[in-house]
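Dear colleague,

I am passing on the structure we talked about, with the sequence alongside. Please have it open while you read the notes underneath.

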Amino acid sequence: MAESDANRELVKTAFERWESQPIDEWFCAGLSPELNKSETINEMDQVERIIKQECLTMFLPQLLEYRFQLHAAWGEYEDAKRVGRQWEAEEHTIGERKGAGGEEVSRIRKDPRKWGQWGQLKKLSSRLNKVKPVKKAHQYGRKAAG
């Protein structure tokens, strides 16, 4: 029972973080964007295993939406399309109806490049990789060497 409670808390915490942070903040907090991407994918895999293990399948479409956003924001067309198909199939499986914007969501799942944030993290990562480190000035006010 304690393990199940801990698993459910992990899922809850992950969803709260993904819901409360803009997608670019998932990848710009502390580590390199590529490393954060890898860690986020691993966390999503863990959450998906728990969802299936704990029979929380009603949360699977939301997880797949986040995974879709991750791949689309990185400009990974085939992965985003694959996850978009899984997301749509999972919604049909649990009988979830498309709410407002349902046709738009369906269109974006079929062609992830139509999503407004398509490729933004790939561009952001590219810009971050081009930034040169700032040289620190000496603590007593002398100019930095170089």
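The notes below go from the chain as a whole to two of its helices, then to the core and two single residues.

Please keep in mind that this is a predicted model. The pLDDT averages 80 over the protein chain, and 73% of the residues score at least 70. Residues 134-142 call for caution, since the pLDDT there is below 50, and this stretch has 6 contacts in the model beyond near neighbours in sequence.

As for the overall make-up, the protein chain has 7 helices and 0 strands, so that its elements, taken from the N terminus on, read α-α-α-α-α-α-α. Of the 146 residues in the chain, 36% are buried, while the surface that the chain exposes comes to about 9500 Å², with carbon and sulfur atoms supplying 51% of it. Among contacts with a separation of 6 or more, 63% are between residues 24 or more positions apart.

The helix I would look at first is α5, residues 77-94. With 18 residues at 1.5 Å a residue it should span 26 Å, and its end C-alpha atoms are indeed 26 Å apart, which agrees. Its buried residues are Ala-80, Val-83, Gly-84, Trp-87, Glu-88, Glu-90 and Glu-91, and because they cover an arc of only 160° around the axis, they lie on the same side of α5. The general background is that an α-helix has 3.6 residues a turn, so residues three or four places apart point the same way. The buried residues of α5 pack against α4 (60-73) and α6 (102-110), whereas the face turned away from the buried side carries the exposed residues Glu-78, Arg-85, His-92 and Thr-93. After α5 comes Gly-95, with a positive phi near 75°.

Helix α4, one of the partners of α5, is mostly covered, with 12 of its 14 residues buried. Among these buried residues are Leu-60, Leu-63, Leu-64, Phe-68 and Leu-70, but also Arg-67, Gln-69 and His-71. The length of α4 fits as well: its 14 residues should span 20 Å at 1.5 Å a residue, and its end C-alpha atoms are 20 Å apart. Just after α4, Gly-75 takes a positive phi of about 75°.

The largest nonpolar core has 25 residues, and those with the most contacts inside it are Phe-15, Trp-18, Val-47, Ile-51, Leu-63 and Phe-68. At least two residues of this core come from each of α1 (2-20), α3, α4, α5 and α7 (120-130), and the largest share, 8 residues, is supplied by α4.

Two single residues may also be of interest to you. Asp-45 lies in helix α3, residues 33-53, and is partly exposed, because its relative accessible area of 28% falls between the 20% and 50% limits. Its C-alpha atom is separated by 9.6 Å from that of Leu-63, which is 18 residues apart from Asp-45 along the chain. Glu-54, by contrast, lies in the loop between α3 and α4 and counts as buried, because its relative accessible area of 13% is under 20%. Leaving aside its neighbours within four places in sequence, Glu-54 is in contact with Ser-4, Asn-7 and Arg-8.

With best wishes

Technical notes. Residues numbered from 1 in each chain as written. Predicted model: local features only at pLDDT ≥ 70, side-chain atom pairs only at ≥ 80, totals over all residues. Heavy atoms only, no water. pLDDT = per-residue confidence, 0-100. Contact = heavy atoms within 4.5 Å. Helix = DSSP H or I, 4+ residues; strand = E, 2+ residues; numbered from the N terminus. Expected span 1.5 Å × (residues − 1). Buried < 20%, exposed > 50% of the residue type's maximum accessible area, 1.4 Å probe, protein only. Arc of directions from axis to C-beta. Core = buried A, V, L, I, M, F, W, Y, C linked by side-chain atoms within 4.5 Å. Areas by Shrake-Rupley, 256 points an atom, 1.4 Å probe, with all protein chains shown as cover.
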